[in-house]
Amino acid sequence: MIILFTKIYEKTKEFIVENYKELLVIIAIFLLFWIELPYVVYKPGGVIDLSNRIEVENGYDYSGELNMSYVLMLKGNVPFILLSYIIPNWDLEKSENITYEGDSVSETLKKDKIQTKSSMDNAVIASYKLTNHELEITGYHNTIINIVKEAKTTLKDYDEIISIEGTSVTNLEEMQKIVNSYKEGDILNIKVLRNNKETAATARVFKMGDSLKVGVSVITTYDYKTNPEVKIKTKSSESGPSGGLMISLSIYNSLTKEDITKGKKIAGTGTIDEFGNVGEIGGVKYKILGAVKNDMDVFLCPEGNYEEAMKVVKEEELNLKVINVSTLDDAITKLQGLR
């Protein structure tokens, strides 16, 4: 046995000595791709055809496409960072500018998946309400995704807030009303669900700007029943709330006889709340470039992103019709008016 190990050691040593230069190159290349610097690289993304993702029971088909636009984000390793200085529209960004306070990029993406769930829930609620179809909300989950450094609290990330000072909380607005009923310096008793167990926590009320806060960011997701039933598929690599508008439009189009696509290839982006209000997003430049790459006819964007969107269209000389929208109803009306 000792003789066998000695032979293996000698052969390995001989191989390393003869090939050490090539081995060093391989190790260097591996480290270049493996080591992440505190940056990310954004590049033009693509579109996702929502007819392959959203299924409404006995829903209506449509002749065109409703697509959700997305951005591609690459890890900040040396090769990608170097390429960002060479390839047009590959842009370098500091990680700290896109992450929650104190979080890594991977942790922020994990929290963004909660926002994805919230955007899908809001899209369902908004589209079912607008079409007067049956919707019953059966549960609320108010999940903490960030705690600011000024907060004096025993709350933790991913806690679900159940009640504050004995008053049940169903959404962020109710939570803020409760906080506003107290004064700066008060300590609030908060009941949370942590690791599937009810736990007591506290938070001190403090002033941030002109508002009273406890220093946490909360995302609301829902449990619900609908008639007809709706199913939304996602992939593990997808995160963030910016698909809300297009998801709600796809559900709406499946619930109504009129086909608002009119055979056109439509892409877009924008958050949505349960009332159908459309909010602005980041990365509209990369989403527009991705839409053009995939031969879209129309691009829907929030009003807050319209100026930036038109600047990209003009600078890149793109053949794309961009429509700014403020609500789900506004988006539907403008699509109905397309010729």
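Hi everyone, let's start with the sheet: six strands form an open sheet in the order β4-β1-β3-β14-β17-β18, and the pairing is mixed. Please keep in mind that this is a predicted model. At the edges sit β4, residues 91-94, and β18, residues 321-325, each of which pairs on one side only. From one strand to the next, the twist averages 35°.

Let's look at one pair. As a reminder, strands of a sheet pair through backbone hydrogen bonds, either parallel or antiparallel. Here, β1 (residues 39-49) and β3 (residues 65-75) pair in the antiparallel sense, over eight bridges. If you want a spot to find on screen, look for D49, which stands opposite N67 in β3.

Now, which helices pack on the sheet? One of them is α5, residues 244-255, which touches β3, β14 (265-268), β17 (298-302) and β18. The direction of α5 makes about 155° with that of β3. Another is α7, residues 303-316, which touches β17 and β18, and its direction makes about 135° with that of β17.

Helix α7 also has a helix partner. That is α6, residues 284-293; the two pack at an angle of about 50°, with their axes 9 Å apart. Angles of this kind, neither under 35 degrees, nor over 145, nor from 65 to 115, count as oblique, so α6 is oblique to α7. Their crossing is right-handed.

And who makes that contact? From α6 we have V284, K285, I288 and L289, and from α7 we have N305, E308, A309, V312, V313 and E316. Sorted by class, that is six nonpolar, one polar and three charged residues. Thanks for listening!

Technical notes: Residues are numbered from 1 along each chain as its sequence is written. This is a predicted model: local features need pLDDT of at least 70, side-chain atom pairs count only at pLDDT 80 or more; totals for chains, interfaces and linings use all residues. Side-chain values use heavy atoms; hydrogens and water are left out. Two strands pair if DSSP finds at least two bridges between them. Helices (H or I, at least four residues) and strands (E, at least two) are DSSP runs, numbered from the N terminus. Axes are lines fitted to C-alpha atoms, for helices over the stretch in contact, and angles run from 0 to 180 degrees between N-to-C directions. Contact means heavy atoms within 4.5 Å. A crossing is left-handed if the near helix is turned anticlockwise from the far one by less than a right angle, and right-handed if clockwise. Ala, Val, Leu, Ile, Met, Phe, Trp, Tyr, Cys and Pro count as nonpolar, Asp, Glu, Lys and Arg as charged, and the others, Gly among them, as polar.
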